Amino acid sequence: MPFSWIVPSAIWLVLHFPAESCRRGAVSAGRAARGGTAGLCAKGNVTASTASAIRSGTKVTLSCQLRAPPTPAGCWAAIFLNASEQIRREGGSVSKTFVVAAHGKHIFTCKAICGDKAKLVCGIDILCGNPPEEPRNVSCIQYGTRGHPTCTWDKGRLTYLDTAYRIELSNGTDAFCFPEEIPNQVFGSQALSKLDFDSNYTVVVSAYNKLGNASSQPLTFMLVDIVKPNPPDFSVEFDDSSATSCSFFWHDEAQAQHYRLRYRPLSRHTWSTVESFSREKYHLQGLEPDTEYEFQVSCRILPGRGLWSDWSRSQSRTPAAVPTGILDVWYRQQDLDSGHQNLSLFWKALSKSEAGGRILGYTVTLEALEHGELPAQSHQTTQTSFSRVIPRLGHRVTVSARNPRGSSAPAAILTHLGSPDLPPPERVSAVALGNSSILVSWSPPAGATVPIQGYVVEWAQPHLQPWHTWVKLPPSHLSTVIAEHIRDNVCYQIHVSALYQDRAGQAASTRGNSTAQAPSAGPQMFTTPWASGVLVSWEEIPAPQQRGCITGYHIYLHRRDRQGQPQLHAIPAGRAPRSLHIPDLEPGEHHDLWMTAATAAGEGPRGNSASVCLESAEGWGTLVLTCSFFILSACVCSVPPARKALQWLLSLLLPQWQSKSIPDPANATWAKSLEATKAELSAPSSPFLPSAFEEPETSPVEETAGEPEHPIPGGIPGDKLVVDSRGHGEWAQEEQQLPELYQRLVVEAMEPMGEYISSPAISSLSPAPDSAPEPEPEPISFSSFPNPFLTPVLCCPGNLTLDRVKLSCSSFPR
C-alpha cells in the first residue's frame, strides 16, 4: 500500500525487553500472595495468618509476642486495630482472630501497657480488596495518518489495591508489552508506537494485583481500520445558470477515497445526506434559492472500512432565482348597486422553493370580458389580498409574484355574475375530528349543465377574519379534512362551491368545529308583551363564549305560583330573526323567563332573567266600554231630534247646580284684542261674541305647587284665568304679545262655538250683567260631548268653583 511504514528494528528491540519483565513481575506477585505476613521489630514481633492482601470476609489471626527482658509484673500485651484496642493479656504474648469485611487498609499494632502508659512494640498492615476484573470495551484509534495509535479500555469494579495494567501487542511473529503510564481507577489508556498498514495486529489488555490477574478478549485489526482522518477542507461554488445547485471541492492529508456530505437550511434541524467516492468534487442539486445553508463534509480512507473523520463546516447563501410557482388565487364578489360590485381577491404565498427568493410584491390585472372598450387595470400590492370596486361585469383576473430576478407565471381566473345554471353542491356536512381538524363532505350538484372541474372549500371564523382560507380539490374528491388555521372550541362557517371552467358556481354553507365545550355564558334576552302572550328576542352570544357551534337555544317559562318543572321551548340554531312568540299567557299572573344555549358538548348556563305579567281582562273591558260610550255619545249628538231628547233626559237626572250657566268668555278683556285682530283680518264678526262687556272684579285661582301648567280651552299662552266675587271669569293677558298666527287660529276656533262653554274643572259661573239678553238653552253636561275644536278637558293646577254651568247643544256644528 502507499501508506506503508516500516518500524525500525531498534524500536522492536526496546519494546521486547519491557514485555518480558512485565510477565515475570506478574508471576512473582501471584506467588507472594499465597504466604503469611509477619512484622519483626526490636521489642517484639507481630504475625498474621494470611498474606498482606486479602478479600473481604477473610479470617485473620493476629499474634503479638514481646521480647526479653521479661515484662515486669503488672504489664500487659495488647493488640490494637486502627488505634482501637481489641484485646489485652497479662504477660508477654497475646493473639486474636478477626474477620475483615471492610475494603481498604487495616493497621494492626502490638503494644505493651504498664500502668497508664502504652508503648508501641510492632505493627503490620493488612489490605482488603478485590482481584481485577476482565478489561472490557477495548478499542484502539489513531488520529490522522501521522499520529500514534491509542488503546483504551474499561477497568470494571474498584480493586482497592494497587493494580497494574499493560497492553500486549502481537503482529503474529513478535509480542510487545506497553505498561499503563497514567493510572486511572475507571478506565485505562495507553499510546502505542507507530504501526504499518500491511500487518494484522492483536491487542490484549492484562491486569494484575496481589489477589489475582485477568486479561481482555483479544482485539484484531489493521491500521487502516483504526485510523480516523482529520476533517477535510472543502469549498462551495454556486452555478450562475441555476440558483438551486452548487459544486463542492475538497482535499485532505489522508487522500481519502470515501466522502459524505450533509446540508440543511439554517431554519431547519433535519439534515439531508449524500455520499461521494470522488477525490475531487461533487455536484449538488435541489437547493432552495435565496436561502442560508450549512454544509458539512466528512471522509474515511477506504470505502466501507475505517473510521469517519469529524465534520468540517461551512455556511453559504444560495442566490435568488426567477419564481417558478403559480399562485393559488380565489375571489369573492359583493354587489353594491345595479352597476357596481366589490371584488375581493385572495392568494396563497409561494413556497420558498417556488418563490425563488424574497417576494417584493404582486401584480394584479383586471380586464372586463363583456366590454372590450374598457381598458385593463394593473395594480401593485405587497399583501396577499386585494379589493376593488369595479363595474358589475365579468372579469378576467391575473395575479403574479415578483422578486429581484423576475416575475412568476400569472395565475388567471374568471369572475362572473351569479347564475342559476351553476348549482351548488348538495348535502354539505361537517364532522368534528378533534386535534384541530374538521371533516367536510358533500355530494355533486344536481342538474349542472356545465362539466365540473373541481371544488373549492372555504372556511373562516365569522366576524373575525376575511374569507381567505380555502383549498381547491379535483372533481373526484367529495370530502376533505381542513386543518389550516383551525382552533379547538371555535365555530367556523364553511362554504363549498363547484368549479365550472375556471368559474365558481353557487356556494353551499354549513358550520363546523373540531371540538366543542358547553357555552360559558347564556344569551342576552329581551321580552315584550304581545297579543295575549310575550315576544322573546335575544342576542347572539359573543364568539369567545360560544366555545363551538351553537346547536340550539332553550327558553324556560315558569309560573311563580306553581311548583314543578318550567315550560321548555327549544329553538334550533340559525333561526332568523332570533325571536319567539309564546302565546296564551294567563292575565294577571307573574311568569319568569330565562334562556340557555347549547353546543354538541351540552347546555351552557342561563343568561339574564325577565318577569312578565299581562294586564287582566277586567281592565281592558273597562277601557273598551269607556271608549265606546264616548263614541256613541258623539254619534247621538250629531242627530238633532236625539240631541234634544238627550238634553231633556239629562235635565231631569242631573242636579240643579249643573244647570246654572257659566260666564260668557266674551266679557273678558282678551275678547277686545281679538275684535281688533278680526278687524285686521277682515273676518266676519261672530254673533256669539259681544263687542262690549263689563270687567268684573277678579279673584285669584288656587294653584297647586309643582304641577305644570296646561293650556285651558279659550286661553292664550301667557294669559291667566281670574274669577271675580260674582263668579265672572276672564283671561288676564301678560306683557307677552300674542303671535299673529296663534291669534288667527283662536279666532277661527272661537267663531263656530256656542255662547256657553263648560269644563270639568269649573263648577259654576254667573253671566255678566251687561251682556246682551239672549234666550237661554236647556242645560247639558259638557263632559258627554267632546268638542272637535278645543281640548275637551281642562287640566290646570288649582281649584275653581262657579255658580252655574250651562251649555246648548245648538252651539256644536251640525
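In which strand is the place of Gln 341? The legends below answer this and describe further close-up views of the structure, which is a predicted model.

**View 1. Gln 341 and its polar surroundings in strand β27.** Gln 341 has its place in strand β27, which comprises residues 340-348. Its relative accessibility is 1%, so Gln 341 counts as buried, the cut-off for that class being under 20%. A polar atom of the Gln 341 side chain lies 3.0 Å from the backbone oxygen of Leu 393. The backbone oxygen of Pro 391 also lies 3.3 Å from a polar atom of this side chain.

**View 2. Strand β31 and its pairing with β28 and β33.** Strand β31 spans residues 395-403 and is mostly covered, with 7 of its 9 residues buried. Strand β28 (residues 361-368) pairs with β31 in the antiparallel sense, over 8 bridges. Within this pairing, Leu 366 has Val 397 of β31 as its bridge partner. Strand β33 (residues 411-415) is likewise antiparallel to β31, and 5 bridges join the two. Here Val 397 stands opposite Ile 413 in β33. Val 397 is thus shown with two partners, Leu 366 and Ile 413.

**View 3. The hairpin of β31 and β32.** Strands β31 and β32 form a hairpin, and 2 residues lie between them. Strand β32 consists of residues 406-407 and pairs with β31 in the antiparallel sense over 2 bridges. Arg 402 is found opposite Ser 407 of β32.

**View 4. An open sheet of 4 strands.** The strands of this sheet follow the order β22-β21-β24-β25, and their pairing is antiparallel. Strands β22 (272-276) and β25 (312-317) form the edges, each pairing on one side only. From one strand to the next, the twist averages 20 degrees. At the β25 edge, strand β24 (residues 292-300) runs antiparallel to β25 and is joined to it by 6 bridges. Tyr 293 has Ser 316 in β25 as its bridge partner.

**View 5. A nonpolar patch on the surface.** Val 431, Leu 433 and Val 481 make up this patch, and together they have about 240 Å² of accessible area. Leu 433 belongs to the loop between β34 (426-432) and β35 (438-443). With a relative accessibility of 43%, Leu 433 counts as partly exposed, because that class lies between the buried limit of under 20% and the exposed limit of over 50%.

How values were computed: Residues numbered from 1 in each chain as written. Predicted model: local features only at pLDDT ≥ 70, side-chain atom pairs only at ≥ 80, totals over all residues. Heavy atoms only, no water. Pairing = 2+ DSSP bridges. Axes fitted to C-alpha atoms, helices over the stretch in contact; angles between N-to-C directions. Patch = residues over 30% accessible without salt bridge, like charges linked within 9 Å, V, L, I, M, F, W, Y side chains within 5 Å. Areas by Shrake-Rupley, 256 points an atom, 1.4 Å probe, with all protein chains shown as cover. Salt bridge = Lys/Arg side-chain N within 4 Å of Asp/Glu carboxyl O. Buried < 20%, exposed > 50% of the residue type's maximum accessible area, 1.4 Å probe, protein only. Polar contact = N/O pair within 3.5 Å; in protein donor to acceptor, adjacent residues only side chain to side chain.
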